[in-house]
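Biologist: I have a model open in front of me and would like to learn how to read it. Could we go through it feature by feature?

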Amino acid sequence: MNEAYKGEVLGWDDPVKKGQDYILLPEGDYDFIVESFERSWFDGSEKAPACPRAELKLRVETPEGSCVINDSLLLYKKMEWKIAQFFISIGFEADTDNNVHPNWNLVLRAAGRARIEIKPGLKDPTKKYNYVKDYLPQPKRQYTAGKF
């Protein structure tokens with residue numbers, strides 16, 4: 001079990017805090033921090049083969065509070081573009097052959113930027129959720145001598 005989910009045990013009659021309401025972000029580009037990353041297995045579907053899966057929780061800070069967005073990266077050839085987008089968004093660069101070499105050990109707590117959109121829930125279309133449409137590249141930093 002992920003250490004983030006462990007914590008103080010509650011008794012059956014202990015009061016519990018409600019927690020914060022779900023924040024639905026307006027569509028747009030947002031900075032994020034990778035709050036958690038877990039390796040899992042995708043059993044396959046009509047659209048994708050059985051393959052390894054990276055399960056990500058991305059935290060976006062807003063004036064209204066924190067929003068956590070779940071995303072999965074399926075590790076198979078057709079989805080290479082999204083894996084590359086993700087790693088470029090957290091600061092990796094493509095080599096001269098245009099290959100990005102993922103280092104999954106550096107994913108946790110990495111910072112990046114993503115285009116977030118809204119989609120209806122699969123089980124209940126009246127509910128709306130944020131999802132990652134695209135991961136965006138890190139902006140090129142401009143350095144000027146003598147300026148910090």
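Modeller: Start with one residue, Ser89, which lies in helix 1. Keep in mind throughout that this is a predicted model.

Biologist: Is Ser89 buried or exposed?

Modeller: The test is relative accessible area, and buried means under 20%. Ser89 has a value of 0%, so it counts as buried.

Biologist: Which residues does Ser89 touch, leaving out those up to four places away in sequence?

Modeller: Ser89 touches Phe32, Ala111, Gly112, Arg113, Tyr135, Leu136, Pro137 and Gln138.

Biologist: Where does helix 1 sit in the overall order of elements?

Modeller: The chain has 1 helix and 5 strands. Along the sequence they follow the pattern β-β-β-α-β-β.

Biologist: What share of the chain is buried?

Modeller: The chain has 148 residues, and 30% of them count as buried. Its C-alpha atoms fill a box of roughly 60 × 50 × 35 Å along the principal axes. About 11,300 Å² is exposed, with carbon and sulfur atoms supplying 53% of that area. For contacts between residues at least 6 apart in sequence, 50% join residues at least 24 apart.

Biologist: How should I read the nonpolar residues?

Modeller: The general idea is that nonpolar side chains in soluble globular proteins tend to be buried together. Here the largest nonpolar core has 26 residues. Those with the most contacts inside this core are Phe32, Val34, Leu56, Phe86, Phe87, Val107 and Tyr135.

Biologist: Which elements each supply at least two residues of this core?

Modeller: They are strand 1 (28–42), strand 2 (51–62), strand 3 (65–74), helix 1 (80–89), strand 4 (111–120) and strand 5 (128–136). Apart from this core lies another, of 6 residues, including Phe42, Cys51, Leu74 and Tyr76.

Biologist: Take Phe87 from the larger set. What does Phe87 touch?

Modeller: Setting aside residues up to four places away in sequence, Phe87 touches Phe92, Val100, Pro102, Asn103, Trp104 and Val107.

Biologist: Are there nonpolar residues to look for on the surface as well?

Modeller: Look at Tyr22, Leu24 and Tyr129, which make a nonpolar surface patch of about 290 Å². Tyr22 lies in the segment before strand 1. With 47% relative accessibility, Tyr22 counts as partly exposed.

Biologist: Now the charged side chains. How many salt bridges are there?

Modeller: The count comes to 6. For each pair, check the N to O distance, then where the partners lie, then how accessible they are. In one of them, Arg59 and Glu35 meet through their side chains at 2.4 Å, N to O. This pair links distant parts of the chain, with Arg59 in strand 2 and Glu35 in strand 1, 24 residues apart. Arg59 is partly exposed at 24% relative accessible area, and Glu35 is partly exposed at 25%.

Biologist: What is the situation for Lys82 and Asp71?

Modeller: Lys82 and Asp71 form a salt bridge whose closest N and O atoms are 3.2 Å apart. The pair also links distant parts of the chain: Lys82 is in helix 1 and Asp71 is in strand 3, 11 residues apart. Both Lys82 and Asp71 are buried.

Biologist: And Lys77 with Glu80?

Modeller: Their closest N and O atoms are 3.6 Å apart, and they too form a salt bridge. Lys77 is exposed, because its relative accessible area is 67%. Glu80 has 45% relative accessibility, so it counts as partly exposed.

Biologist: How do I read backbone angles?

Modeller: The general idea is that most residues other than glycine have a negative phi. In this model, Asn98 has a positive phi, near 70°. Arg109, which is not a glycine either, has a positive phi of about 75°.

Biologist: Where are Asn98 and Arg109?

Modeller: Asn98 is in the loop between helix 1 and strand 4, and Arg109 is found in the loop between helix 1 and strand 4. Asn98 counts as exposed at 64% relative accessibility, and Arg109 is exposed at 57%.

Biologist: Which part of the chain holds Asn105?

Modeller: Asn105 is found in the loop between helix 1 and strand 4. Its relative accessible area is 67%, so Asn105 is exposed. From Asn105 to Phe42 the separation is 63 residues in sequence and 20 Å in space, C-alpha to C-alpha.

Technical notes:
Residues are numbered from 1 along each chain as its sequence is written. This is a predicted model: local features need pLDDT of at least 70, side-chain atom pairs count only at pLDDT 80 or more; totals for chains, interfaces and linings use all residues. Side-chain values use heavy atoms; hydrogens and water are left out. A nonpolar core is a set of buried Ala, Val, Leu, Ile, Met, Phe, Trp, Tyr and Cys residues joined through side-chain atoms within 4.5 Å. Buried means under 20% relative accessible area, exposed over 50%, partly exposed in between (1.4 Å probe, protein chains only). Helices (H or I, at least four residues) and strands (E, at least two) are DSSP runs, numbered from the N terminus. Contact means heavy atoms within 4.5 Å. A salt bridge is a side-chain nitrogen of Lys or Arg within 4 Å of a carboxyl oxygen of Asp or Glu. Patches are made of residues with over 30% relative accessible area and no salt bridge: like charges are joined within 9 Å, nonpolar side chains (Val, Leu, Ile, Met, Phe, Trp, Tyr) within 5 Å. Accessible areas come from the Shrake-Rupley method with a 1.4 Å probe; for residues, only the protein chains shown count as cover.
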